[in-house]
Amino acid sequence: MTFAKFSAGKPALVAGPVIAAMGVVFGDIGTSPLYAASTTFGVGSSGSAGPGTDYVYGSTATIVYSLALIVSVLYVRFLMRADNRGEGGLLALFGLLRRSSLKARTIAVFTIVAMIGAAMFLGDSVITPAISVLSAVEGLEGVQPDLASLVVPIAVVILVGVFALQRFGTRTIGRLFGPIMLLWFVVLAVSGIASILQHPAVLQALSPHWVILFFIQQPGTAFLALGAIVLAVTGAEALYADLGHFGRKAITRAWLFVVFPALVLNYLGQASLAIRDPRQAAASFFGLVPGWGQIPMVVLATVATIIASQAVISGTYSVIHQAWRLGFFPPLRVIHTSAESEGQIYVPAINVLLAIAVLSVTIGFRGSAALASAYGIAVTTTISITTVVYIAWSWAHARRVTLRIAAASGILVVTVSFLVANLPKAASGGWLPLAIGAIVFTIMSVWWAGQQRIRTARREGEMPIDDLPLFIASHKGDLFRVSGDAVFITRNPYIVPVALRTMVTRNHALQKRAILLSWSTVDVPSTIGMSQRITVETFPSGIVRVVAKIGFREHPRMTALLTEARAADKHALDDFAASRATFFISSPVPRFNGASKMFRWAQVIFLALDRLAPDPLDLIELPRDRTIVLARETPL
């Protein structure tokens, strides 16, 4: 989901973006109390007796300080300040790193690291809607145990509805998200306070000494508990990923003044309940609510998890789109659902695949407790990789060990500890995000490697742009110049497009003005307003070169770029109109190459992905009735 970036400069405008941020950014982490505490208490329970008091204090303190370290310090204090022209997220951070002075080999290594992180985020995206909705609907069991058989069907119906509504965009319904999530956090805080008042001694869990005692007195159990405690920080990546939507101030204020206090109070309230009645530790969240409030809480929790699922699904679209623009993923048809916001998109193919995966997981695991084992690995891997890339970028920027590098490295030790603690779950559900991540990473790495080979092959067979005047002059005697404009599309501004060479050598004809339009994706989210976004250069014989830079969150529209180019240089493009021009595009047709260094299985996958890719004319929005496509076989 994407909203326009809010300004927090005036006091009167503070509340709006803060409330809106709560509806989008904090949906995932805000619904973690539904399952995080009860799953954690379950690790320390022995049979039906429930967890011991020391375990409850130690695990609750670890939850609180995990939120403080990972979310408040790592994400809010450090990562939120590492913005790529106002945008955040792992791929935006990688864009910053790629622009640094690190060696090419190091950047190549971090390219693989970034792809792994993005792949694991997509694995997380499959689990989040399933576990969130299931955990909310499971509240029906507390109201009436006989309703347990309806939990999965109800969850499936809700999820089908969520995915079915994606095509309509989320701008209108998104306006309701903020107030609903504000109500949710108020309810979290109030229910937590009510429980704390029944056992005020639980406030001692705010002391960090309980974390130390937890790992000294119960090292084995504490280590295993980390695999459940990490569920409390799920959704932390959303704070950074949605930086460009709301701005650092709005997200920071929402976290520090509303979300963080509400979560802490609710976790303390659940701890109080677990101490007073250990048998309710397995359902500690809904146990905070009196009988008359059970149904309203289930309804509110279900709505909150739908919001959390919506944010994750929309975030998946953004990650896929960014990965495509950075060359990590095959192109897909993208539908923009908002005329005002470039980033509000819908990707039909991903929506279908994600819906199938989420529904399969929901039906297959049939409960939030079973899914909890699968959840932690994806979350900890993504956080750890984001931290590693941040440390590398900070080092490239400072070239010395700074306080923030030291602090981030210390937090990395914590996140890696969470990751290691989750690895034993690989056999009991943790294999799911690993399998999804492996599939997505394979697709990314194969596509990236294949595109690199195609680019290399095209560079070796293309004519340098400097040779173009001599090439035109050598064919002047048999070259007929027809009236009008021809636009030749190419990704490389330093070569002569194959289509132009074919027109001259085969057809012996060329329009009086030939425009070489090239565009490249740069490591910034958007280049709108940037100097040198469009450059225009004239050559002899009526040749004009237009070079455009596109951000990785932008959608390339060739006719719009030409309109900008005409405004930038009215003399070179005098009387030009995209509606009258003829477009030429050279489309490589990859072919299997038995002598290639690329693995045979990788070539098969790449060729299959290439066949499934949408028409390039749709991707860059060229008019079909005035576009000529010249195909050229390229061995991998």
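This report looks at some strands, a charged patch and a few salt bridges in a predicted model.

**Strands side by side**

Let's start with strand β4, which covers residues 480-490. One of its partners is strand β6, residues 509-522, and the two pair in the parallel sense over 9 bridges. To find a spot where they meet, look for valine 482: its bridge partner in β6 is glutamine 511.

Strand β4 is also joined to strand β9, residues 582-591. Here there are 4 bridges, and again the strands run parallel. Want a residue pair to look for? Valine 487 stands opposite phenylalanine 583 in β9. While you have the strands on screen, here's a handy bit of background: in a regular strand the side chains alternate between the two faces of the sheet.

**A positive patch**

Now for some charge. Arg77, Arg81, Arg248 and Lys249 form a positive patch on the surface. Take arginine 248 from that group: you'll find it in helix α14, which spans residues 248-276. How accessible is arginine 248? Its relative accessible area is 33%. A patch residue needs over 30% relative accessible area, so arginine 248 clears that cut-off with its 33%. It still counts as partly exposed, because exposed means over 50%.

**Salt bridges**

Side chains of opposite charge can pair when their charged atoms come close. Searching the whole structure turns up 6 salt bridges. Among them are these:

| Salt bridge | Closest N and O atoms |
|---|---|
| Aspartate 277 and arginine 279 | 3.5 Å |
| Arginine 545 and glutamate 537 | 2.5 Å |
| Arginine 580 and aspartate 575 | 3.6 Å |

So where do these partners sit, buried or exposed? Let's go pair by pair.

Aspartate 277 is buried, with a relative accessible area of 19%. That label applies because buried means under 20%. Its salt-bridge partner, arginine 279, is exposed at 67%.

In the next pair, arginine 545 has 12% relative accessibility and counts as buried. Glutamate 537, on the other end of that salt bridge, has 35%. Glutamate 537 is therefore partly exposed, since that label covers values between the 20% and 50% cut-offs.

What about arginine 580 and aspartate 575, which also form a salt bridge? Arginine 580 comes in at 53% relative accessibility and counts as exposed. Aspartate 575 is exposed too, with a relative accessible area of 52%.

Notes. Residues are numbered from 1 along each chain as its sequence is written. This is a predicted model: local features need pLDDT of at least 70, side-chain atom pairs count only at pLDDT 80 or more; totals for chains, interfaces and linings use all residues. Side-chain values use heavy atoms; hydrogens and water are left out. Two strands pair if DSSP finds at least two bridges between them. Patches are made of residues with over 30% relative accessible area and no salt bridge: like charges are joined within 9 Å, nonpolar side chains (Val, Leu, Ile, Met, Phe, Trp, Tyr) within 5 Å. Accessible areas come from the Shrake-Rupley method with a 1.4 Å probe; for residues, only the protein chains shown count as cover. A salt bridge is a side-chain nitrogen of Lys or Arg within 4 Å of a carboxyl oxygen of Asp or Glu. Lys and Arg count as positive and Asp and Glu as negative; His and the chain ends are not counted. The place of a charge is taken as NZ of Lys, CZ of Arg, CG of Asp or CD of Glu. Buried means under 20% relative accessible area, exposed over 50%, partly exposed in between (1.4 Å probe, protein chains only).
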